[in-house]
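Here is a short tour of the model shown below, written to be read with the structure open beside you. Let's go straight to the strands.

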Amino acid sequence: DILNQVSMHVMRDEDNTSIIEKFTEEALKILSADFGFSFGKFDDSNKFELIHKSPLTPFTPSIPKKKGGNQESDRKGNIIFDSNVESRNYDSDMVDYLKSYLIIPIRYGDHIFGNITLCYKNKHDFTEEELIVAEMIENVVSRAVNINWLIEKGQKSLTLAEKQKSTEVLL
């Protein structure tokens with residue numbers, strides 16, 4: 001029910017950044033994470049940018065690397081999680097701040113919009129119910145972002161068509 005309320009609320013927003021910000025904060029609450037952040041990519045450059053960092057995030061998240069969990073989530077479209085983060089398995093110094101994490105991809109079909117990363121300061125064994133809830137969040141945020149993206153794309157096409165029409169009238 002909370003996800004539906006958030007979804008209806010964010011559909012009134014006009015940009016995907018605010019949609020992802022709101023879903024990141026709701027996901028933190030729903031899945032009781034200590035902190036989190038989200039990345040997005042909305043233009044043709046295909047580069048991630050930091051969209052949101054929760055106030056309690058103790059570091060500035062770096063742009064996902066080609067071989068990191070964010071990229072793995074991006075490529076496969078699967079939720080990625082690690083219940084027992086150990087520094088020997090990671091190149092980043094963010095392991096000093098967390099012991100477990102969950103990455104929720106934001107994608108719809110072939111369109112990859114970004115991901116939400118939820119972090120836990122202590123070891124957290126994810127339950128099957130939590131993973132199901134994470135999938136529900138993935139589905140709702142992905143649909144909300146996709147619908148907004150389609151609306152933006154349609155508006156741009158309409159604006160371009162109107163400009164072409166006015167140019168033709170002038171000629």
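## The β4–β5 hairpin

In this predicted model, β4 and β5 run antiparallel and are joined by nine bridges. One pair to pick out is R107, whose bridge partner in β5 is I112. The two strands make a hairpin with two residues between them. In that turn you will find G109, which has a positive phi of about 60°.

How much of β5 is buried? Eight of its 10 residues are, leaving the strand mostly covered.

## The other pairings

Moving to the other partner of β5, six bridges connect this strand to β1, and the two run antiparallel. Here S38 is a handy landmark, with I116 in β5 as its bridge partner.

Strand β4, which spans residues 100-108, also pairs with β3. Three bridges link these two strands, again in an antiparallel arrangement. Within this pairing, I80 stands opposite I103 in β4.

## The sheet as a whole

Put together, the five strands form an open sheet in the order β2-β1-β5-β4-β3, with antiparallel pairing. Why do β2 and β3 each have one side without a neighbour in the sheet? Both stand at the edges, β2 at 49-53 and β3 at 80-82, and each has a single partner strand, so one side stays unpaired. From one strand to the next, the twist averages 15°.

As general background, strands of a sheet pair through backbone hydrogen bonds, in either a parallel or an antiparallel way. In a regular strand, side chains alternate between the two faces of the sheet.

## A helix across the strands

Now bring helix α2 into view, covering residues 16-30. This helix lies across β1 (35-40), β2, β4 and β5 (111-120). Relative to β2, helix α2 runs at about 45°.

## The chain in numbers

Stepping back, the chain contains four helices and five strands. Along the sequence they follow the pattern α-α-β-β-α-β-β-β-α.

Of the 171 residues in the chain, 43% are buried. The accessible surface comes to about 10,300 Å², and carbon and sulfur atoms contribute 50% of that. Among contacts with a separation of 6 or more, 57% are between residues 24 or more positions apart.

Technical notes
Residues numbered from 1 in each chain as written. Predicted model: local features only at pLDDT ≥ 70, side-chain atom pairs only at ≥ 80, totals over all residues. Heavy atoms only, no water. Buried < 20%, exposed > 50% of the residue type's maximum accessible area, 1.4 Å probe, protein only. Contact = heavy atoms within 4.5 Å. Areas by Shrake-Rupley, 256 points an atom, 1.4 Å probe, with all protein chains shown as cover. Pairing = 2+ DSSP bridges. Axes fitted to C-alpha atoms, helices over the stretch in contact; angles between N-to-C directions.
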